[in-house]
Amino acid sequence: LRKNVEDFTGPRERSDLGFVTFDITADILNGKNGFPTFLNKNALIIFDWNVKQLFLYLSAEYSTKNNALNQVVLWDKIMLRGDNPRLSLKDMKSKYFFFDDGNGLKGNRNITLTLSWNVVPNAGILPLVTGSGRVSVPFPDTYETTKSY
């Protein structure tokens, strides 16, 4: 779903606002999932002695005629040590606005959704890990005209 709405945050009068509904199914500890693969070749056990929590986030990447690379975070979640490592999220909606600084979402055929995470250690560096699974979704060529979001 995509709308062209008034944008009071930028220099343009109107911008594209995207609405994304998604499912994520993943078993972080065993690497069995639908989207994306959480198991890293170098880290078979994600929650080792030095891992306090994981910061998971879903981002959208796409290109437009004005910008070669656009990245927008749509959703995030903190997974603490001891939480169930099996994600089964259905019909999730974006947690954050998916604004484009113009009209780059209309008819865009290559918007790639990627699930990434930061390992938050008890001590030491904060590594960024990107899942190997990605999904590309096309956006429609027309705007939604209903008043509700």
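Helices (H or I, at least four residues) and strands (E, at least two) here are DSSP runs, numbered from the N terminus. The model is a predicted one, so local features need pLDDT of at least 70 and side-chain atom pairs count only at pLDDT 80 or more, while totals for chains, interfaces and linings use all residues. Residues are numbered from 1 along each chain as its sequence is written, and side-chain values use heavy atoms, with hydrogens and water left out.

**Figure 1. The whole chain, strand after strand.** Reading from the N terminus, the elements go β-β-β-β-β-β-β-β-β-β. That makes ten strands and zero helices. Of the 149 residues, 40% are buried (buried means under 20% relative accessible area, exposed over 50%, and partly exposed in between, with a 1.4 Å probe and protein chains only). Take the contacts (heavy atoms within 4.5 Å) with a separation of 6 or more: 64% of them join residues 24 or more positions apart. The accessible surface adds up to about 9,000 Å², and carbon and sulfur atoms hold 54% of it; these areas come from the Shrake-Rupley method with a 1.4 Å probe, and for residues only the protein chains shown count as cover.

**Figure 2. Where to trust the model, and where to be wary.** The score here is pLDDT, the predictor's confidence in each residue, from 0 to 100. Its mean over the chain is 75, with 74% of residues at 70 or more. Strand S6 (residues 70-80) has the highest confidence, at 92, and strand S4 (residues 32-33) the lowest, at a mean of 42. Over residues 31-44 the score stays under 50, though the model has 41 contacts beyond four places in sequence for them.

**Figure 3. The largest nonpolar core.** A nonpolar core is a set of buried Ala, Val, Leu, Ile, Met, Phe, Trp, Tyr and Cys residues joined through side-chain atoms within 4.5 Å. The largest one has 27 residues, and Leu54 and Phe98 make the most contacts inside it. At least two residues each come from S3, strand S5 (51-62), S6, strand S7 (86-93) and S9. S5 gives the most, with six residues. Zoom in on Phe98 and, leaving aside residues up to four places away in sequence, you'll find it touching several residues, among them Leu17, Val20, Val72, Leu74, Leu105 and Ile111. As a rule of thumb, nonpolar side chains in soluble globular proteins tend to be buried together.

**Figure 4. Aromatic rings that pair up.** Rings of Phe, Tyr and Trp (its six-membered ring) pair if their centres lie within 6.5 Å; planes under 30 degrees apart count as stacked, over 60 as edge-to-face and the rest as tilted. The whole structure holds four aromatic pairs. Phe22 and Trp75 meet edge-to-face, with 6.0 Å from centre to centre and 70 degrees between the planes. This pair links distant parts of the chain, since Phe22 is in strand S3 (residues 21-27) and Trp75 in strand S6, 53 residues apart. Phe22 is buried at 6% relative accessible area, and Trp75 is buried at 5%. Phe55 and Tyr57 form a tilted pair, because their ring centres are 5.9 Å apart and their planes sit at 35 degrees. Phe55 is partly exposed at 29%, whereas Tyr57 is buried at 15%. Elsewhere, ring pairs join Tyr62, Phe98 and Phe139 into a cluster.

**Figure 5. Two salt bridges.** A salt bridge needs a side-chain nitrogen of Lys or Arg within 4 Å of a carboxyl oxygen of Asp or Glu, and a search of the whole structure turns up two. In one, Asp76 pairs with Lys95, and their closest N and O atoms are 2.6 Å apart. Asp76 is in strand S6 and Lys95 in the loop between S7 and strand S8 (98-99), so this bridge ties together parts 19 residues apart in sequence. Asp76 is buried, at 13% relative accessibility. Arg109 and Asp141 also meet in a salt bridge, at 2.9 Å from N to O. Here Arg109 belongs to the loop between S8 and S9 and Asp141 to the segment after S10, 32 residues apart. Asp141 is partly exposed, at 45%.

**Figure 6. Asn118 and Gly124, one buried and one exposed.** Asn118 lies in strand S9 and is buried, at 17% relative accessible area. Not counting residues up to four places away in sequence, Asn118 touches Gln53, Leu54, Phe55, Tyr57, Leu126, Pro127 and Leu128. Gly124 sits in the loop between strand S9 (111-121) and strand S10 (128-137) and is exposed, at 68%. The C-alpha atoms of Gly124 and Asn50 are 8.5 Å apart, although 74 residues separate the two along the chain.
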